[in-house]
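Visitor: Before we begin, I would like to ask how the labels used for a model of this kind are earned, one by one.
Guide: Then let us look at the structure together and set each value against its cut-off.

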Amino acid sequence: MEKVVSGIRPTGHLHLGNYYGAVKSFVKMQDMYDCMFFIADWHSLTTHPKPDDIQNSARAILAEYLACGLDPVKAPVYIQSDVKETLELYLFLNMNIYLGELERVTTFKEKARKQPDNVNAGLLTYPTLMAADILQHRAQKVPVGKDQEQNMEMARKCARRFNHIYGVEFFPEPQNFYFASEAVKVPGLDGSGKMGKSEGNCIYLLDEDKVISKKVMKAVTDLGPQTPNSVRPEVIENLFTFLRLCSDEETYQYFDEKWNDCTLRYGDLKKQIAADIIKAIAPIRERIKEYSSNPDLLDKIAREGAERARESARKTLEEVRRIIGFRVK
């Protein structure tokens, strides 16, 4: 069975875009592949978060992913900083990568532009830490978005270079794994493209019913259909995307017919969307609250996940030390 590794960024709460865009696919993947998921708390240090925020964010993200259906029995879920072997491989990989290669990474240049007073070495070597996260498990596939494609190429370069320098075929070159038709681009409520935290156009999985209704009722619309069977503009097609995600086929067809015969009332459409989103989110929200109220359980799951991850990484590092020429502990 192919091994898949995926990092989870500890940056705020999950929203509908995360859920339909990636998390539901993760839940399917754990039955199809040998998966490992980790919360990338070391990566967050590039922005200097407060100590309390690191621990609280890791627990919050873990609770939300478990509530969405990740099963730690099927696929270990661990916190990056609990697997110390990662740092040793990170060191070895940094010895084989060049400054110019790291400086040319687009995400580094963008982050350096956004935080000119905090261009730290961790920001520069982010790709090699990501490579260590992946290669320590000798993963074949990694779920990625467009923003991580160049970092994945760096991970493949790290694998190739190690193999070339030491004359071995030890590390597989990890391939980008795309969800293809399974992943969905969830629109924002402001009509400005994709739902995202920084855009402020999200419905969070923790949002209460009244908050969801209020957000949906403020969604951007237009004057309404003017000609029968006309093409829907993007802002309205966005609303119908929510119907596809959260409503049944009969409901979708009802409002589609209303659009086509020019009798659609946006108030009715938004109320239906809000009701169906609430129905979809409510059980997840309650599970999040249950997990969040039991930090001992979350710590136990993270600890057991780390034990399984360390065992995998330990085997890799023993062989890496032997290949390089260091004493195997």
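**Labels and their reasons**

Guide: At 14% relative accessibility, Ile323 counts as buried, and I should add at once that this is a predicted model.

Visitor: Why is Ile323 called buried?
Guide: The label buried is given under 20% relative accessible area, and Ile323 has 14%, so the residue counts as buried. Ile323 lies in helix α13, which covers residues 295-324, and, leaving aside neighbours within four places in sequence, the residue is in contact with Phe162, Tyr166, Val168 and Phe170.

Visitor: What makes Phe162 a member of a wider group of rings?
Guide: Phe162 belongs to one aromatic cluster together with Tyr166, Phe170 and Phe171. Among the residues that Ile323 touches are Phe162, Tyr166 and Phe170.

Visitor: How far apart are Ile323 and Glu103 in space, and how far in sequence?
Guide: From C-alpha to C-alpha, Ile323 and Glu103 are 28 Å apart in space, while 220 residues separate them in sequence.

Visitor: How many aromatic pairs does a search of the whole structure find?
Guide: The search finds eleven aromatic pairs. One of them is formed by Phe26 and Tyr65, with 6.4 Å from centre to centre and 25 degrees between the planes.

Visitor: What makes the pair of Phe26 and Tyr65 a stacked one?
Guide: Two rings pair if their centres lie within 6.5 Å, and planes under 30 degrees apart count as stacked; with 6.4 Å and 25 degrees, Phe26 and Tyr65 satisfy both conditions, and the pair is stacked. Phe26 lies in helix α1 (residues 16-29) and Tyr65 in helix α2 (residues 51-68), so the pair ties together parts that are 39 residues apart in sequence. Both Phe26 and Tyr65 are buried.

Visitor: Why is the pair of Phe38 and Tyr78 called stacked?
Guide: The ring centres of Phe38 and Tyr78 are 5.7 Å apart and their planes stand at 25 degrees, so the pair is stacked. Here the partners come from strands: Phe38 lies in β2 (residues 34-39) and Tyr78 in β3 (residues 77-79), so the pair ties together parts that are 40 residues apart in sequence.

Visitor: How do you know whether Phe38 and Tyr78 are buried or exposed?
Guide: With the cut-off for buried at under 20%, Phe38 at 4% relative accessibility counts as buried, and Tyr78, with a relative accessible area of 1%, is buried as well.

Visitor: What is the relative accessible area of Thr128, and what does Thr128 touch?
Guide: Thr128 has a relative accessible area of 0% and is therefore buried. Thr128 lies in helix α7, residues 126-135, and touches Tyr90, Leu93, Asn94, Ile97, Leu102 and Cys158, not counting residues up to four places away in sequence.

Visitor: What makes the approach of Thr128 and Asn94 a polar contact?
Guide: A polar contact needs a pair of N or O atoms within 3.5 Å, one able to donate a hydrogen and the other to accept it, and the side chains of Thr128 and Asn94 are joined by such a contact at 2.7 Å. The side chain of Thr128 also reaches the backbone oxygen of Thr125, at 2.8 Å.

Visitor: Why is Arg138 called partly exposed, and why is Asn229 called exposed?
Guide: Exposed requires over 50% relative accessible area, and partly exposed is the range between that and the buried limit of 20%. Arg138 has 34% and is therefore partly exposed, whereas Asn229, at 59%, counts as exposed. Arg138 is placed in the loop between α7 and β4 (141-143), and Asn229 is found in the loop between α9 (209-217) and α10 (234-246).

Visitor: What is phi at Arg138 and at Asn229?
Guide: Phi of Arg138 is near 50 degrees and phi of Asn229 is near 60 degrees, each a positive value in a residue other than glycine.

Visitor: Why is Pro10 called buried, although Pro10 lies in a loop?
Guide: Pro10 does lie in the loop between β1 (3-8) and α1, but the label rests on accessible area, and at 15% relative accessibility Pro10 counts as buried. Leaving aside neighbours within four places in sequence, Pro10 is in contact with Ile39, Ala40, Asp41, Ser44, Ser57 and Ile61.

Methods
Residues are numbered from 1 along each chain as its sequence is written. This is a predicted model: local features need pLDDT of at least 70, side-chain atom pairs count only at pLDDT 80 or more; totals for chains, interfaces and linings use all residues. Side-chain values use heavy atoms; hydrogens and water are left out. Helices (H or I, at least four residues) and strands (E, at least two) are DSSP runs, numbered from the N terminus. Buried means under 20% relative accessible area, exposed over 50%, partly exposed in between (1.4 Å probe, protein chains only). Contact means heavy atoms within 4.5 Å. Rings of Phe, Tyr and Trp (its six-membered ring) pair if their centres lie within 6.5 Å; planes under 30 degrees apart count as stacked, over 60 as edge-to-face and the rest as tilted.
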